[in-house]
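Q: I would like a close look at a single part of this model, namely the surroundings of the ligand. Please take me through them in one connected account.

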Amino acid sequence: MLPDSKSSGCLYLVASPIGNLGDISSRAIETLVNCDFIACEDTRVTGKLLSRLEIQKKLISYREENEKAKSLQIAQEIEQGKKVALLSDAGYPCISDPGFRLVRECHIQKLKVIPIPGPNAALTALAVSGLPTHQYTYLGFLPKKSAQTRKILDSWIAFEGSIVLYESKYKIQKTLLLISEIMGEDRFVCLARELTKSHESILTGRIAEVIEQQSKSSGKGEFTLVIAPQDYSF
Ligand code: SAM
């Protein structure tokens, strides 16, 4: 317990697989077995994970739409001594996923928060990309509106590290074209698709080449994009 923590309860931030079930850690499994209940983004998704792990546990929904109210409720349970595991559908909770409000509430109320690290698409893509890792920024999902996206991309053109972002299958081609227009078609990138899954693909090269390759693929899957600093290539 933290020196000034007022409860024996705590919040565990449990990272879950981004595709490959084998990536769940033994510490994550132990936490899921021993917690009082699980707060998760989608009870069906976490329910499936639990049934594959043969764990039975009470699940409550904690998602973007109810985050505010649920954060207070869950913090109250922790304050009363409950051990709560927080999971998102995939990867690390709080990272482009619900969780931040609950973690903040726990800190405000001096309740213990314990990270159970594990899979995360952004860091997995960065590590496998071959692009510089000494300095990087994480932009998460770019805004829906092109004008806002342009503004953001403009402001990062001269960044000296790599830029990591998430994109949906519906927008990936459009976003690649926009990046090419703003940062130039020679900008070096890595498009990581379906990481840890059977159709995993890691495309690296000039963005113009990656766009061409991508246009020949099925276009399906989950994508993380890493953009290299200006003038970087191999
Ligand atoms: N919390 C998650 C994490 O720690 O990585 C991210 C959740 S965010 C809602 C989902 C996005 O992450 C997807 O749209 C995609 O851009 C990226 N992503 C998730 N799984 C991925 C995978 N297996 N391969 C590539 N990108 C992935």
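By class, how many nonpolar, polar and charged residues does the shell around the ligand have?

A: This is a predicted model, and in it the shell around the ligand has 10 nonpolar residues, together with 4 polar and 5 charged ones. Of the 19 residues that make up these surroundings, Tyr92, Asp97, Asn120, Tyr166 and Phe223 come nearest to the ligand.

Turning to the backbone, a nitrogen atom of the ligand has a backbone N or O atom of Ile95 at 2.8 Å, while oxygen atoms of the ligand are approached from the backbone of two further residues, with a backbone N or O atom of Phe223 lying 2.5 Å from an oxygen atom and a backbone N or O atom of Glu167 lying 3.4 Å from an oxygen atom. The ligand taken alone exposes 580 Å², and the protein buries 91% of that area.

As for its location, the ligand sits in the largest pocket. The elements that give two or more residues to the shell around the ligand are strand E7, which covers 162-167, and strand E10, which covers 223-227. Seen by domain, the shell draws at least three residues from domain 1 (10-116) and at least three from domain 2 (121-227), so that both of these domains contribute to the surroundings of the ligand.

Notes:
Residues numbered from 1 in each chain as written. Predicted model: local features only at pLDDT ≥ 70, side-chain atom pairs only at ≥ 80, totals over all residues. Heavy atoms only, no water. Near = heavy atom within 4 Å. Polar contact = N/O pair within 3.5 Å; in protein donor to acceptor, adjacent residues only side chain to side chain. Areas by Shrake-Rupley, 256 points an atom, 1.4 Å probe, with all protein chains shown as cover. 1 Å grid on protein atoms, 1.4 Å probe; cavity = no way out; pocket = protein on both sides within 12 Å on 5 of 7 lines; lining within 4 Å. Sits in = over half its atoms within 2 Å of the grid points. Helix = DSSP H or I, 4+ residues; strand = E, 2+ residues; numbered from the N terminus. Nonpolar A, V, L, I, M, F, W, Y, C, P; charged D, E, K, R; others polar.
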